[in-house]
Amino acid sequence: MEAKNTYNLRTFGLEILGILLAVLFLIPFYFVIVNSMKSFGEILINSANMPTSLNFMNYTKVWSIMKFPQVFLNSLLVTVFSNIGLVIISSMAAYRLVRYPSKFNNLIFLAFVAAMVIPFQSIMIPLVRVGSQIGIMDSIPGLVICYFGFGVSLNVFLYHGFIKSIPIEVEESARVDGCSPYGVFWKIVFPLLKPMTVTVVLLNSLWIWNDFLLPMLVLSSPDLRTIPLATFSFFGQYTKQWDLALAALVLGVLPIVIFFLAMQRHIIEGITAGSVKG
């Protein structure tokens, strides 16, 4: 029996809509990449045209002006150590909240969920004041600690849903075999959290790598600037160096885009597993 052909006008319309939406979202990337290879004059004349010749001098200038290896290293350190801390803190906290339910733990989880809707702008001034008092301002470790506080709510929420899908019988068997509470978590539970851990790392990396406001508040020394802060230096009060700024944007975004494209399938797997099974 021949399979029924389900391709119809509705499917065709959805395909056209999908293509139009893809083009709409890709237009900004087109403008950034194309104009990053133009001179400043060409950008002013017509920013939509293709460049008359491929000019990579902008990238060479940006590499030296930004001190790109240094700012790349700063962004990498902040992103890596923030992810490590967030994964450890959030997974252990979520495990405790799930496996030891009580009114107090439920209240703590509710506080984590409520913190997700608090806008960052409402706590900027208290953050700077507290950070100055405890001496964490203008330092990479201080910025990492701030990311711990702002990222833990969402991470705990994601881990909380995923841990519910893990059968408690697996942990009970490990305890019968003489495994300690920490051994149960790190040897049994945490390896099972791999899909959600990959999702958490990806989401945190996209956020932390591209974040501008928090590093601007915490870091003031030029040697500690991250990529978004270094890119902002091309925009002055009276001048805007679009040719260099766009090249800096391409250099800054390229690593995280490659990382995301290589790992994107884990995002859907992890979030689906956490929401459906939880």
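Asp138 lies in the loop between helix 6 and helix 7. This is a predicted model, and in it the phi of Asp138 is near 55°, a positive value in a residue other than glycine. At 27% relative accessibility, the residue counts as partly exposed.

**Backbone and loop positions**

Most residues other than glycine have a negative phi, and most peptide bonds are trans. Against that background, Lys67 also deserves mention: this residue is not a glycine, yet its phi is positive, at about 55°. Lys67 follows just after helix 3 and belongs to the loop between helix 3 and helix 4. With a relative accessible area of 53%, Lys67 is exposed, because the threshold for that class is over 50%.

A further loop residue is Ser122, found between helix 5 and helix 6, the latter spanning 124-134. Ser122 has a relative accessible area of 46% and is partly exposed. Its C-alpha lies 30 Å from that of Phe260, and the two residues are 138 positions apart in sequence.

**Salt bridges**

Side chains of opposite charge can pair when their charged atoms come close. A search of the whole structure finds 2 salt bridges. They are set out below.

| Salt bridge | N to O distance | Placement |
|---|---|---|
| Glu171 with Arg99 | 2.8 Å | helix 8 (residues 168-176) and helix 4 (residues 68-99) |
| Arg175 with Glu171 | 3.7 Å | 4 residues apart in helix 8 |

Arg99, Glu171 and Arg175 are thereby linked in a network of salt bridges. In the pair formed by Glu171 and Arg99, the closest N and O atoms are 2.8 Å apart. Glu171 lies in helix 8 and Arg99 in helix 4, so this pair ties together parts that are 72 residues apart in sequence. The pair of Arg175 and Glu171 is instead a matter of one helix: the two residues are 4 apart in helix 8, a separation of about one helical turn. An α-helix has 3.6 residues a turn, so residues three or four places apart point the same way.

How buried or exposed are the members of this network? Glu171 has 0% relative accessibility and counts as buried. Arg99 is buried as well, with a relative accessible area of 16%, because that value falls under the 20% limit. Arg175, with a relative accessible area of 36%, is partly exposed.

**Buried positions in helices 3 and 5**

Helix 3 comprises residues 57-65, and its buried residues are Asn58, Tyr59 and Val62. These residues cover an arc of only 95° around the axis, which puts them on the same side of helix 3.

Asn105 lies in helix 5, which covers residues 103-115. Its relative accessible area is 11%, and Asn105 is therefore buried. Leaving aside residues up to four places away in sequence, Asn105 touches Arg96, Leu97 and Tyr100.

**Internal cavity**

Within the whole structure, a search finds 1 cavity of 30 Å³ or more. The largest cavity has a volume of about 30 Å³. Which residues line the largest cavity? The lining is formed by Ser75, Val78, Thr79, Ile208, Trp209 and Thr226. Helix 4 and helix 10 (194-210) are the elements that give two or more residues to this lining. The most comes from helix 4, with 3 residues. By class, the lining of the largest cavity contains 3 nonpolar and 3 polar residues, and no charged ones.

**Largest pocket**

The largest pocket holds about 450 Å³ of space. Its lining has 18 residues, of which Ala115, Gly149, Phe150, Gly151 and Trp207 are the closest to its centre. Two or more lining residues are given by each of helix 7 (140-163), helix 10 and helix 11 (213-218). Helix 7 has the largest share, 6 residues. The lining of the largest pocket divides into 12 nonpolar, 5 polar and 1 charged residue. Helix 10 thus appears in the lining of the largest cavity and in that of the largest pocket.

Methods:
Residues numbered from 1 in each chain as written. Predicted model: local features only at pLDDT ≥ 70, side-chain atom pairs only at ≥ 80, totals over all residues. Heavy atoms only, no water. Salt bridge = Lys/Arg side-chain N within 4 Å of Asp/Glu carboxyl O. Buried < 20%, exposed > 50% of the residue type's maximum accessible area, 1.4 Å probe, protein only. Arc of directions from axis to C-beta. Contact = heavy atoms within 4.5 Å. 1 Å grid on protein atoms, 1.4 Å probe; cavity = no way out; pocket = protein on both sides within 12 Å on 5 of 7 lines; lining within 4 Å. Points joined across faces, edges and corners; volume = space filled by probe spheres on them. Nonpolar A, V, L, I, M, F, W, Y, C, P; charged D, E, K, R; others polar.
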